[in-house]
Structures are given as C-alpha cells and as structure tokens.
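Please look through the sequence and the model below before reading on. The paragraphs that follow go from one residue to its surroundings and then to the chain as a whole.

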Amino acid sequence: MRWVILRFFLQCVLAIPAVLQADAKLYTEVGEILTLSPEEAAQEHPVELDATIIYFDHGTLVCFVHDGVNSIFLSNVDRAHAIAGLDVGDRIHLKGVTNRGDFLPSIYYRDLQKLDSPGPPPALAVNEKELMEPAADCKWVEFDAVMKSFYLFNDHGVVDLEVAGRTVTGMLAAQVGLSKPPPGLLERPLRVRCVAVCQFNDQRQMCGRTLYIPSLDCIIPKFPAIEMTDAPLVKCDSLLNAHSALGELIRVKGAVTYIQPGAGFWIYGDSTGLFVQAAAPEGLATGDEIEAVGYAAFAPFRPKLNGTLVTRTGRTLPVSAIPLDAPFNPSGPLHGSVVTLEAEYLGKSSRSEVGSLLCSAADRTFEVITPAQNLNTEPLEKGTRLKLTGIYGLKSTHPLGLSKQAEAFQIQLRGPADLTILSRPPWWSTRRAIWVIGAVLGLAALTAIWAVMMRAQVRKQSSIIAQQTVQQATLEERHRIARDLHDTLEQDLMGVSLLLDNAAAKLVSAPVSANGLLEIARRLLKRSREESRSTICDLRSVTLDQLGLPEAIREVLQPLADAAGMKLVCNFQEPWLQMPRQFENALFRVAREAASNAAHHSGGKTITVTLSTEADRVRLTIEDDGAGFERGVAHLSEASFGLQGMEERVNAIQGHLEIDSNTNTGTRITVTLRRTPKTS
C-alpha cells in the first residue's frame with residue numbers, strides 16, 4: 001500500500017510541467033509578441049504562426065520574418081541547419097518560444113517548415129522621421145533616397161543613403177559575385193526596401209539606425225537609365241568651381257591610373273587626378289581612356305565624381321609619373337596624381353591596415369599604402385633604398401581640411417611594379433653593431449663572472465693547501481721535537497742517571513767526589529729542563545705564525561721582564577720582511593733565551609731588544625744593564641748551558657753569534673745572519 005501511494009505522488013509531480021504548459025498562452029501573431037515586456041518574453045511562451053522571410057543573410061544566418069502585419073527577428077544558433085536552406089520570399093510555418101531579445105522581443109524557433117515562395121510582402125512606406133523612430137525596429141519599410149557611396153565589407157555591400165538630408169547606412173546581405181559598386185545607382189533617386197534595425201546598447205537604448213537590405217533588387221532607380229550624351233563634358237580640374245551647380249549631371253574624360261577594388265578608380269585628365277566612385281567596366285586596365293557620367297561630390301582636398309555610367313573610348317594613353325623633387329612638402333595640385341620618388345624604408349607603420357609602410361625622403365617621413373598583393377618576395381630591411389611610384393594623397397588633421405593646411409602626404413602603390421629596391425643597407429649597421437657590442441659585453445660579463453668564480457675557487461683551494469701545509473709543517477715539527485727530545489733530553493737523563501749511580505757509590509767512601517758528581521748532575525738536570533722548556537715553546541709556533549717575529553718577541557719577552565721588575569724596550573725596523581720559518585724560529589728562541597738569562601741573573605733594570613735589516617743581512621741584539629759575567633766564569637755556571645744552546649741554534653742557520661759582557665757592565669748578545677742560507 002505504501003508503494004502505491006508513493007508512485008501516485010511521483011506521477012502527480014511529473015505531470016505538473018505538462019499541466020503548466022497546457023495552461024500557457026499560445027502566441028500566433030507577431031504583434032502580440034512585440035507587446036510583451038522583456039521579463040514576460042523571457043518566460044518562453046509557446047509560439048506557432050505562419051510568416052514570410054523578408055531578410056536572410058546566408059553568411060551570418062540573420063533572419064527576419066513578416067506575418068503580414070508585423071515583422072520580428074528569429075534566433076536559434078543550435079538549429080541553424082533548419083533555416084540554412086531557406087531564402088527571402090519563402091513562406092514558412094514555425095514553432096518556438098518567445099525570447100526577451102536585445103531591443104524588442106524575438107522568437108526562438110525550434111521547428112521550421114517551408115510552405116511556398118510567394119515573395120516578400122508589400123513594404124510599409126515611411127518618411128525620414130518615421131524611419132528613424134525607435135518603434136520602427138524590425139519593420140519592413142520602403143522610402144525614397146539617393147545613394148551617396150558604396151563599398152565592400154566582409155563580402156557585404158555597404159551603402160550610404162541620403163534620406164531627406166540625413167545620411168543612413170545600409171548593409172546588403174552577403175551576395176555571390178558582389179565585388180564592385182552597382183552601375184548607374186550613385187547620385188540617382190532611388191526607392192529602397194529594407195528592414196529597419198536599431199543600433200542599441202546593453203540598457204536597450206537606441207544608438208543609431210542601420211538598414212538591412214535583402215539584395216540589389218531592393219534598390220530600385222526611379223528614373224530611366226542615363227545616356228552618355230545626356231551630360232556635358234567638363235574638365236577634371238573644373239569640378240565644383242565657382243560657376244558649377246551642385247547636383248548637375250556632368251561628364252569627364254581621362255586615363256585610368258589606379259583601380260581601387262570595391263570602391264572605384266582614379267583617372268588623370270586635364271593635368272589633374274580625379275577619383276570616380278563607380279563600378280569599373282569589365283576588363284578595365286591602367287591606361288585605358290574612359291568617359292564617366294555622374295555628379296560631382298565633396299571629398300577631402302579635391303572633388304570626386306559619383307559616376308552612374310562609365311564607358312571605354314577604346315584608346316590607351318601612357319600614364320607618366322611626375323618626379324618629386326626635394327623639399328618634399330605637401331602639394332595640393334599633386335593630390336590624386338601619379339608621382340615617383342626615391343626614399344629610405346624605415347619600417348612598418350603603426351596603423352592597423354596591413355601593408356602600410358613608413359618611408360623617409362629628405363628628412364620628410366611619409367606613409368606608403370600597399371595593395372593587397374605582396375609587393376616583393378624579399379623582406380625589407382630598415383635603411384633599404386626604394387623607388388616608389390603611386391597615387392599622391394594629402395593628409396591633414398586640421399578641421400577645415402584645406403590643401404594649404406595639410407601636414408603630410410602618402411603614396412598609394414598600385415602593384416608590385418610600383419616598388420623597386422635600389423640598394424640594400426650595409427650589413428654592418430648600427431643595429432648589428434649594437435648586437436655585436438651587446439654580445440661582447442655579455443661575453444665579457446660571463447668571463448668576469450667566471451674569473452671571480454675561479455678566483456674564489458683558487459682562494460678556497462689555496463686555503464686548503466695552506467691548511468695542509470700547516471698540518472704537514474706541524475707534523476714535521478713534532479717529529480723534529482721528538483728527535484730533539486731523544487737526542488738531548490733522553491741522553492741528558494741517561495747521563496744524570498749514571499752520575500747519580502756513581503755519586504751513590506762514592507757517597508760514603510769519597511764524599512767530596514760524590515758532591516762534585518751531584519753538582520754536575522744538578523747542572524745536567526737544569527739543562528734538560530731548559531731544553532724541555534725550549535721544545536715546549538716550539539709547539540707554540542702559532543704565536544710566531546700569527547703575529548710575525550717582532551710582535552712574537554714582544555709578546556713573549558714582556559712577561560719575563562715584568563716578572564723580573566725590568567723594563568722592556570723594543571726597537572724593531574718597520575716594515576718587517578718575513579724570513580724562512582727556521583730563521584725566525586731560531587731568532588725567536590735566541591731572543592727568549594737571552595732575555596730569560598737577563599731576567600733571572602743580571603739584576604738590571606732594562607732589557608733592550610733591537611731587530612734590524614742591513615742589505616741582505618738581519619741583526620738581532622739583546623742587551624741589559626745588569627751585572628754581566630766573565631766568559632771564562634760563565635763557562636762553568638748554569639748560564640753556560642743556555643749560551644751553548646744559543647750557539648748551536650745560530651750555527652744551525654749558518655749565522656754568527658757574538659757575546660759581549662763584563663762584570664758590572666751588562667751583557668750584549670748579537671746574532672747576525674743572511675736572509676737566505678748559504679749554499680755549499
């Protein structure tokens with residue numbers, strides 16, 4: 001029972017949209033849809049009606065239909081195939097829904113069926129005011145106008161129509177074969193049938209009026225075609241002079257100088273250039289003489305002719321280019337003429353048009369407009385010398401647009417033959433020089449960076465090598481000290497041991513002899529102590545390495561002098577040039593030994609240390625003002641061991657030791673040695 005109730009409830013819910021759709025109003029007339037507000041039209045009310053297509057663009061699939069009274073816009077990009085096979089004048093049966101549209105409501109069609117092709121319905125005749133009303137949007141209308149210009153845009157013909165003094169733009173639906181202005185329509189009274197379409201913004205406000213014209217058949221001349229003999233012949237340089245009447249039918253004659261596709265052509269006659277806005281006859285070429293009938297019209301710097309009839313005379317005339325000479329100032333008489341000049345290529349123009357070049361001649365920069373086809377297969381480089389031939393045209397930003405107020409000119413090239421390369425710029429240009437200099441500077445910068453990195457690496461490796469050297473030197477020094485301890489301390493201790501053994505044996509039987517042996521043992525022990533202290537000091541070579549010999553002497557001797565209550569005076573020659581390690585080490589130990597003796601035995605007040613260099617020799621002097629001694633007496637005293645050690649160290653470095661001392665006169669010890677050892 002529960003499942004039955006649930007199924008009934010779901011069926012009711014699914015049936016709601018169908019019920020709502022059945023209750024929705026079905027719209028069968030365009031007029032009813034157009035009265036809906038945007039919010040109401042957006043609710044997609046169903047639509048079903050019969051209508052006739054009044055405008056259809058096969059390129060953009062823009063479509064308007066007419067139900068016999070009103071017209072409306074159709075849309076549905078998802079079902080474009082449904083409308084692609086239809087055309088203007090087809091009567092259809094359509095089904096769809098309402099759409100809010102962008103200005104007025106529209107129909108979003110879902111199904112289209114072609115009924116027959118009765119042709120477009122009669123158009124609503126309107127005047128200029130009614131044509132411009134916002135309410136005229138989408139209406140199928142007709143009115144009187146005069147065609148002022150014609151040009152092509154993306155396979156569409158664009159016309160400017162004058163309606164009661166107001167210019168309105170019309171766009172023809174894309175039409176196969178439409179590549180030039182329609183003949184005989186410019187400046188002619190016409191009857192135009194079209195769909196009036198509003199230009200609008202996002203707030204659904206009208207900003208302008210555009211006319212959608214289904215085809216050229218909807219532009220109908222109101223008078224018979226013009227014959228060539230209907231118009232008097234007028235010189236090209238006499239159009240719209242003080243004695244001319246605007247709107248008068250005239251005829252001109254000249255040689256074709258340039259055919260501008262989709263717009264008209266230039267001619268040269270009566271020593272001046274003239275633009276004829278008209279359809280060019282089939283096969284028209286440069287140099288053909290033509291006659292054109294039409295109406296003179298305003299144009300910048302020189303009047304133009306809105307032609308209605310153009311015929312060839314059968315003659316071919318030479319078209320000579322007028323050479324331009326410096327100074328290249330804007331010239332009114334040359335406007336529209338064929339000119340030639342030499343110039344230098346500067347580069348592409350900043351304008352959006354493809355093929356617009358900048359050139360310079362005699363310090364005058366101007367623009368060169370190129371035709372659609374490529375002028376040259378080779379790319380142009382800045383500085384290339386060119387010979388240019390083309391239509392001369394003035395340019396001005398002045399609001400009055402007078403020839404004498406023109407600031408510049410341009411050259412319109414007509415084809416590949418109008419551009420000739422005279423010379424290429426030299427390969428070694430300023431730009432390439434800048435590139436080369438930049439490359440060299442970049443390489444130099446990279447080299448400098450590499451050099452800095454290499455120097456850093458060398459410093460790092462040098463530091464490692466120095467550390468390894470210090471470590472190796474330390475190891476060698478330790479080995480040397482070990483040898484010294486073995487050769488001196490161990491031997492001295494062995495001697496002391498033997499002396500003590502002998503003294504012990506004679507202590508009872510020969511006390512005097514035993515005392516002598518003990519005295520000698522005491523002296524040997526003192527010497528061993530001094531040797532041990534000297535060896536230990538060798539392990540402190542860091543002070544000598546870090547401070548250098550002068551400062552190391554000062555640092556070691558100052559505590560000795562302070563302990564003895566003596567004054568230390570140091571006379572060191574600056575700057576000190578570093579010597580080999582074994583030299584400095586020997587001098588350091590001699591200075592320490594001599595100062596130590598003075599501090600312990602002299603009883604003086606001052607210790608003076610002098611370190612000087614003479615040519616390739618070094619002199620170290622340590623003197624005191626103490627008691628002094630006799631060398632013969634000192635030979636048996638405790639100091640003799642120190643003096644003997646100093647002699648050994650000085651002899652090891654091939655130096656000379658001099659000791660000058662007498663009782664009560666102080667002591668002077670001088671060491672002299674060469675900076676480099678003697679070679680045998």
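Does Trp427 count as buried or exposed? In this predicted model, Trp427 counts as exposed because its relative accessibility is 57%, and the cut-off for that class is over 50%. Trp427 is found in the loop that runs between strand 24 (419-423) and helix 5 (430-506). Together with Trp428, Val436 and Val440, Trp427 forms a nonpolar patch on the surface, and the accessible area of these residues together is about 450 Å².

A residue of the opposite class is Thr257, which is buried because its relative accessible area is 1%, where the class requires a value under 20%. Thr257 belongs to strand 13, which covers residues 249-260. When residues up to four places away in sequence are not counted, Thr257 touches Trp266, Ile267, Tyr268 and Thr286, and also Val319, Val338, Ile391 and Arg414.

Turning now to the chain as a whole, one can count eleven helices and 29 strands in it, among them the strand and the helix on either side of the loop that holds Trp427. The chain has 680 residues, of which 41% are buried, Thr257 being one of the buried ones. Of the contacts in the chain with a separation of 6 or more, 63% are between residues that stand 24 or more positions apart. The accessible surface of the chain, finally, comes to about 37,600 Å², and carbon and sulfur atoms account for 56% of that surface.

Terms used: Residues numbered from 1 in each chain as written. Predicted model: local features only at pLDDT ≥ 70, side-chain atom pairs only at ≥ 80, totals over all residues. Heavy atoms only, no water. Helix = DSSP H or I, 4+ residues; strand = E, 2+ residues; numbered from the N terminus. Buried < 20%, exposed > 50% of the residue type's maximum accessible area, 1.4 Å probe, protein only. Contact = heavy atoms within 4.5 Å. Areas by Shrake-Rupley, 256 points an atom, 1.4 Å probe, with all protein chains shown as cover. Patch = residues over 30% accessible without salt bridge, like charges linked within 9 Å, V, L, I, M, F, W, Y side chains within 5 Å. Salt bridge = Lys/Arg side-chain N within 4 Å of Asp/Glu carboxyl O.
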